[in-house]
Amino acid sequence: ALEQFNSRRRRSIVMLVGDGRATVGITDHETIIKDVRLNNRFGARIFALALGDPIDITNLDRVAVATRGTCLNFSGKENFESAMNRFFTGVAPPHLSKLTLHFDDVDVEHIQPDPLPDLFHASGMIVLGRYSDEEDTVSEVQLSAKVKGRRQTCSKRFPFPRVDRSNPYIPALWAMRRLAQLLEMELTAGSDQSVEKQIDSLTQDFGFRTPIPAGARNPPSRLASASIDLGESLWTLKHSHVISDVTSKGYRRINGKVFRPEANGWVDTRYRPSLPTMRIEFLSDRYFSLLEKSPEIGPYLALGPDVTWVRGKSAVSVKSSFRSGSLGEGDR
């Protein structure tokens, strides 16, 4: 289909409909992606429509993203006509294309989505990333895009606070997108210690579930047998805005913190034994004093008599009882 195009003057579109499972001819997904990029000499966009059961949505989505197209996952749970309307709205010529973001005074990493997709009529985009600053910063952000074939740029100054807890769900959304990216890297390139460590860190800190069991990451061919389940999980991680869709069972999410159940009670997923910990006995005078000084911890304490959470660079542990001599002078 890509060989039919011979000019960039006209908009070139390929529509790919299927279940995403390569069964004839070239079946290696990485080779398919490389062939698409190699043969797409005139900048055609591929729009994928995922149909079938089961669907390996990951590969259709990657082919579309590689050409700045989009993918629609039709699961049969919505009206087909409305799904087609959404699909053809996306196929229409974009209002903004080749978008880029530039941050003047802030070091930003792991921007998602990457690359930024085109924007079509009445559509929007959420861009998530991570930054680190020692103090509050105000930075100019520049958005550049092609509008009707001409490059245009607009800029606006935004605050980048060192700490901002007003929207506790945003870090989890970023983590979902980042986890999807890392899982795709591991699926296609094989196990890598650095990538594996980041995956474990994200799943533990945010309480996410992943279809890749421990020990099944190497060699990568062992992942292929679970590619259908992995594809559905990746689609959810990349497109869902509902954090509970990817949260492991039993975990509790409270005001941006994630707690996992353990034998000794509820524990903040960011807690590490190396953190200096203030230990407080449940329903003691210090317990009520702490609650009075910090009423925002009430939802944490409501989990039960045994709960541990991270506070800044230290931790607080409330226990229903402590063994004699378990409290050191530093703990008090």
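**Exercise 1. Classify Arg-260 as buried or exposed, then find the salt-bridge partner of Arg-260.**

Solution. Start with the accessible area: Arg-260 has a relative accessible area of 16%, so this residue is buried (buried means under 20% relative accessible area, exposed over 50%, partly exposed in between, with a 1.4 Å probe and protein chains only). Next, look at the side chains: Arg-260 meets Glu-262 in a salt bridge, 2.7 Å from N to O (a side-chain nitrogen of Lys or Arg within 4 Å of a carboxyl oxygen of Asp or Glu). Finally, check the partner: Glu-262, at 36% relative accessibility, is partly exposed.

A word on the model before you go on: it is predicted, local features need pLDDT of at least 70, side-chain atom pairs count only at pLDDT 80 or more, and totals for chains, interfaces and linings use all residues. Residues are numbered from 1 along each chain as its sequence is written, and side-chain values use heavy atoms, with hydrogens and water left out.

**Exercise 2. Work out which parts of the chain the salt bridge between Asp-205 and Arg-272 ties together.**

Solution. First, the distance: the closest N and O atoms of Asp-205 and Arg-272 are 3.1 Å apart. Second, the location: Asp-205 lies in helix H5 (residues 193–206) and Arg-272 in the loop between strands S11 (265–268) and S12 (277–281), so the pair ties together parts that are 67 residues apart in sequence. Here helices (H or I, at least four residues) and strands (E, at least two) are DSSP runs, numbered from the N terminus. Third, the surroundings: Asp-205 is buried at 10% relative accessibility, while Arg-272 is partly exposed at 32%.

**Exercise 3. Describe the setting of Asp-61 in helix H2.**

Solution. Begin with the helix, which spans residues 57–66. Asp-61 is buried there, at 5% relative accessibility. Leaving aside neighbours within four places in sequence, Asp-61 is in contact (heavy atoms within 4.5 Å) with Cys-71, Trp-235, Lys-238 and His-239.

**Exercise 4. Trace the strand partners of S7.**

Solution. Take S4 (residues 97–103) first: five bridges join S4 to S7 (residues 137–147), and the two run antiparallel (strands pair if DSSP finds at least two bridges between them). One of the matched positions is His-102, whose bridge partner in S7 is Gln-142. Then turn to S8 (residues 150–160), which pairs with S7 in the antiparallel sense over eleven bridges. Val-138 stands opposite Pro-159 in S8. To finish, inspect the turn: S7 and S8 form a hairpin with two residues between them, and Lys-148 in the turn has a positive phi of about 55 degrees.
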